[in-house]
Amino acid sequence: MTTTAQRPQAHDGPIGRPLDRVDGRAKVTGAARYAAEVPLPGLTYAVLVGARVAHGRITSLDTTEAERADGVIAVLTHQNLGKIAAQPPLLPSLAGSVAPGETFFPMQGDEIHYAGQHVALVVADTYERALHASHLVRITYAEEPSVTVIDQGRDQAYEPEAIFAGFVPGRSERGDVATALDGAAVTVDRTFTFAANHHNPIETSATTAYWEGDRLTLHDATQGVTATQHTVAALLGIPHTRIRVIGHYTGGSFGAKAMVWHHPALAALAARAVGRPVRLALTREQMFFGCGHREEQEQRLVLGADAEGRLVALRHHKLSPTSPFDHWAEPSLGVAGQLYACPNYEGVYRLIRANTMTPTFMRCPGEATGLFALEAAMDELAERLGLDPLELRLRNCSDTDPASGRPWSSSGLRECLRQGADRIGWARRSAPPARDGDWLIGLGMAASAYPVYGPYNPQRARARVYADGTAVVQAAVTDIGTGVLTVMTQVAAEALGVPVERCRFEGGDTDLPNTAAAVGSSGAGMVSATVHAAASALREQLVARAVADEGSPLHGADPADVVVRDGRMALRGSPGTGEGYAELLQRQFLPDLEATGSWGPPPHDAPYASMTFGAQFAEVAVDPVLGLVRVRRLAGAFAPGRVLNAKTARSQLMGGMIWGLGQALLEATHMDPGTGRWANASLGEYLVPVNADAPDVDVDFVEVEDTVVNPLGVKGVGEVGQAGVAPAIANAIHHATGRRVRKLPLTIEDLIA
């Protein structure tokens, strides 16, 4: 697989440069410690036991044989675990406070809500002994009828007041959709279906817990150490100041570790019960039952347009299962209702109470499914109108957010559409499509977009310069594989005016200044803003000391006339006049100097709206006899605002595009409605793209300046790379074969049936 990218505009500072990862050596040599790798004296190992039925009650529970097994220290169940203090309300982890994955905590009673629900926890002196003993716990159930798939509960569907932890209304409307559809020159009315998906990061979720008196330390695989700290504090009923959470490295998440599931608190309770450190790591199968999922979905979308192809109405309804206790659905209708100018809109969520755990964020949560429905329908609309799909989208671009009427803080959508088309060679798209031997060749496209989210509270960072001229900047953000340690080193080095190699960024610890979890593509903008604030405050403090110091060459200078480069302060018009940070601190007998900085997001009633835009293009080859699909090329153009590191940003976008390929052709978790269990809960049967599936990937940046989202104008790239890929591939398959498939994933059977 090869990648190409247009480098962002040249910049003489560290920001924007394609620097290698500062943590790369630690990761490839094994020096980086993950949550399940922390060595502790007296460490014990815990294994969870899951319910084998989807709905019912425990009628008998015999732990005798398990307790007698070699090495077993304790077997915890609802009979001896004890009660949690309180189940906190469901809140998104981007709030930086309590963020339970669901408003239910297991092992508090005998009721079973879903298959795989934690019903026992075995602690032993080795993992193997704990695993063996977990199979010796004897449980019987009184099973009750269950609802686990849409078709079982369709007649029980209801419209919630709000979804997504209460932050998204269950119904959104503008204009008069019914009247506009009646008067439309052309309409498209289609239903789309989506299989459930699971995250499957390489590192399964894990927590290592130990107590020192009344103080608890957790090493947790999480997207937000602060979220884990506050959630466990609420569950255990202890002040969060007595809990330290460390998560320097997280081996992938994609949303599975954004919310705080049950295992961190269970590990803490187990460690308190046995009086020793406990390591609790979920198995691969338990990742399918213990950390949420992207729910099965059905979406009906109706488009109406005038004779020139301008949208006049959009109706978008979604139906999906949720858990027995939470009104959760990924917000699939939001961006789909904002992407194009359309005066009349109706978006409605309907939920089914089902015997599954609460669904959760998954990479590109909502946009990955909602844009599939919208962009596939847009292609059908273009076909009905006799328009080129690219032209139809260009005609419907808007400079304002149709939902609020506010102007976009920055856009670039038109440029992304045009540049992406150039990169894929859209002009060569022909009808009938081209052939390559027995293969039919098709080109497809889709627009891509993702909201710009910010935290709900101020974020903080700390910067310190030492007397030897080196610097360290700290914030609690966790590295989840995106390159945050590298990128924040660049931001800090630029703000301080020191070489990158003389600066270090530290994160992943609640003892450091608070930042919210890096979710929803918010990490780069949020953390860079607060790191920039702290480092800038320290630079200003150092300059102020220099101009006030009679022994400094800069004494008496206007601070505004002092520039800093390579750790040296100098007059703007006289570069030879100045001194280094180290000289200043040593002369003043200061071992170090530090400053803190904070940043709060723009107000939610700001007079603008924010979105990251892009465009996706795909070239596919289809064998019409065997139904095989090979994606030959993917091209994406994106306008993410300021790019902090060209290499890591390109890597994030490329990874999202490959994930979109998996969503389009491979990824599906199949529920057995008879047992209520996921039938393919392993990486042997849950299919994801491998190197042989990966095509050439072309990533292009469209430069847009955004002066309002945050101080550095960063909008984020983590999610937008996936949005739009699946419909681009589906539209390319239709171009090649004439067959329109309205389900994900698309399979061989769909193309030869």
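Start by selecting Gly-437 in this predicted model: Gly-437 takes a positive phi near 65 degrees, in the hairpin of E19 and E20. Two residues lie between the strands of that hairpin.

Now extend the selection to both arms. Strand E19 covers residues 435–436 and runs antiparallel to E20, with two bridges joining the pair. To see how they line up, show Asp-436 and look across to Trp-439 in E20, which stands opposite.

Next, colour the whole of E20, residues 439–451. Is this strand mostly covered or mostly open? Turn on the surface and you should find E20 mostly covered, with twelve of its 13 residues buried.

With E20 still highlighted, add strand E28, residues 611–623. How many bridges hold E20 and E28 together? There are twelve, and the two strands pair in the antiparallel sense. For a landmark along this pairing, pick Leu-443 and then its bridge partner in E28, Glu-619. As you follow the strands, keep a general point in mind: side chains in a regular strand alternate between the two faces of the sheet.

Let's move to another sheet. Select strands E5, E3 and E7, which form an open sheet in the order E5-E3-E7 with antiparallel pairing. Look at the edges, where you will find E5 (111–112) and E7 (138–143). Each of these has a single partner strand, so one side of each is left without a neighbour in the sheet.

Stay here and zoom in on E3, residues 56–62, and its antiparallel neighbour E5; two bridges join them. Click on Gly-56, then on Ile-112 in E5, and you have a pair of bridge partners.

Time to zoom out and display the whole chain as a cartoon. It holds 17 helices and 33 strands. The radius of gyration is 27 Å, close to the 27 Å that the globule rule gives for 753 residues, so the chain is as compact as a globular protein of that length. Rotate to the principal axes, along which the C-alpha trace spans about 85 × 70 × 50 Å.

Colouring by burial is a good next view: buried residues make up 61% of the 753 in the chain. If you draw contacts instead, consider those with a separation of 6 or more; residues 24 or more positions apart account for 80% of them.

Finish on the outside. The accessible surface of the chain comes to about 27400 Å², and carbon and sulfur atoms own 49% of that. Colour by charge as a last stop: the mean positions of the 65 positive and 82 negative charges are 2 Å apart.

Methods:
Residues are numbered from 1 along each chain as its sequence is written. Side-chain values use heavy atoms; hydrogens and water are left out. Buried means under 20% relative accessible area, exposed over 50%, partly exposed in between (1.4 Å probe, protein chains only). Helices (H or I, at least four residues) and strands (E, at least two) are DSSP runs, numbered from the N terminus. Two strands pair if DSSP finds at least two bridges between them. The radius of gyration is taken over C-alpha atoms; the globule rule is 2.2 Å times the number of residues to the power 0.38. Contact means heavy atoms within 4.5 Å. Accessible areas come from the Shrake-Rupley method with a 1.4 Å probe; for residues, only the protein chains shown count as cover. Lys and Arg count as positive and Asp and Glu as negative; His and the chain ends are not counted. The place of a charge is taken as NZ of Lys, CZ of Arg, CG of Asp or CD of Glu.
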